[in-house]
Amino acid sequence: MDIEQTVAVITGAGSGIGRALAEAFAVAGARVVAADLDAESAEQTAAQIRSGGGQALAVRADAGVTADIEALTTTEFGPVDIYVANAGIIGAPGLGTDEDWDHILDVNLRSHVRAAQVIVPQWLSRGGGYFVSVASAAGLLSQIGAAGYAVTKHAAVGFAEWLAITYGDDGVGVSCVCPLGVDTPLLDAVRASADPDSAAGAASIVQSGDVISAEDVAAATVDAVRSDRFLVLPHAQVLDMYRHKGSDYDRWIAGMRRYQRSLRAGR
């Protein structure tokens, strides 16, 4: 896809991967709508883009609320060409409560579904568009310590696959971004948690591979959109891990149990 002169919406653009994505799409020539629940952070992202000569505006939006998604598609920049569903949370450790599940499902999964419900019909009438789902390597593998995160990221990958299969012949491109550890406020929060499940989860993230920058993820994502590539793996080793999992599921689960025991023992 030619990104030059497109309109790109980035949710969760106030910090971390979202901010890096907003900046990368702006450098690639897109007019960026930086959306975040924190209006001040969204404006900081937009202002940083404008200071570098790019075009950006900030919108305070809840990525899981349909009315807010609709507002993101009707800004002064005009119709949206690229929608990046990036907003996400780690959620509660362990099994969590019903309220925890409702919250993480809304943010990590339903925000993608609701965005597609709003914008895919527009793209079908216009002849195309591009949906980017920022998921996680946890959506291909799993996440020690946090059931909600592991499950919603699997679901986000599954929904992105369904979009690509169902609408690919209609001009709708889809990329699904699945990094391991990324140096973001989200990872910092997990590392700082005193909860033992969260501590094990944080250790599993940082031990699985290099903790890369948000800018590295953004660069890989922009390249994938340009080449219309579905699976975006900023950590190349994730593909080998995924193949290992699929080749012998029982062996992989047994290995993950051993790994979890070692993490809980502090090794």
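Select E40 to begin: at 57% relative accessibility, E40 counts as exposed, where exposed means over 50% relative accessible area, buried under 20% and partly exposed in between, with a 1.4 Å probe and protein chains only. E40 is found in helix 2; helices (H or I, at least four residues) and strands (E, at least two) are DSSP runs numbered from the N terminus. Adding R60 to the selection gives a C-alpha separation of 8.3 Å from E40, across 20 residues of chain.

The model is predicted: local features need pLDDT of at least 70, side-chain atom pairs count only at pLDDT 80 or more, and totals for chains, interfaces and linings use all residues. Residues are numbered from 1 along each chain as its sequence is written, and side-chain values use heavy atoms, with hydrogens and water left out.

**Helix 1**

Next, select residues 16-27, which form helix 1. From first C-alpha to last, these twelve residues reach 17 Å, close to the 16 Å expected at 1.5 Å a residue; the expected span is 1.5 Å times one less than the number of residues. Nine of the twelve residues are buried, so helix 1 is largely enclosed by the rest of the structure. Colour the buried set: I17, G18, A20, L21, A22, E23, A24, F25 and A26. Which elements cover these buried residues of helix 1? The cover includes strand 1 (7-10), strand 2 (31-36), helix 2 (39-51), strand 4 (82-85), strand 5 (129-134) and helix 8 (214-227). Just after helix 1, G29 takes a positive phi of about 110°.

**T6 and F77**

G29 also appears around T6, which lies in the segment before strand 1. At 6% relative accessibility, T6 counts as buried. Leaving aside neighbours within four places in sequence, T6 is in contact (heavy atoms within 4.5 Å) with M1, G29, A30, R31, D81 and I82.

Move to F77, in the loop between helix 3 (66-72) and strand 4. F77 has 13% relative accessibility and therefore counts as buried. Residues up to four places away in sequence not being counted, F77 touches V7, R31, V32, V33, Q55, A56 and L57. The C-alpha atoms of F77 and S125, 48 residues apart along the chain, are separated by 19 Å.

**Aromatic pairs**

The structure holds four aromatic pairs. Rings of Phe, Tyr and Trp (its six-membered ring) pair if their centres lie within 6.5 Å; planes under 30 degrees apart count as stacked, over 60 as edge-to-face and the rest as tilted. Select Y83 and F131: the ring centres are 6.0 Å apart and the planes at 15°, so this pair is stacked. The pair links distant parts of the chain, with Y83 in strand 4 and F131 in strand 5, 48 residues apart. Both Y83 and F131 are buried.

For W162 and Y167, the ring centres are 5.8 Å apart and the planes at 85°, so the pair is edge-to-face. W162 counts as partly exposed, because its relative accessibility is 45%. Add F159 to the selection to display one aromatic cluster of F159, W162 and Y167.

**Helices 9 and 10**

Finally, select residues 237-247 (helix 9) and 249-264 (helix 10), which pack at an angle of about 115° with their axes 5 Å apart. Axes are lines fitted to C-alpha atoms, for helices over the stretch in contact, and angles run from 0 to 180 degrees between N-to-C directions. H244, K245 and S247 of helix 9 meet Y249, R251 and W252 of helix 10. K245 lies over the face of W252, 4.8 Å from the ring centre; this requires NZ of Lys or CZ of Arg within 6 Å of the ring centre and within 35 degrees of the ring normal.
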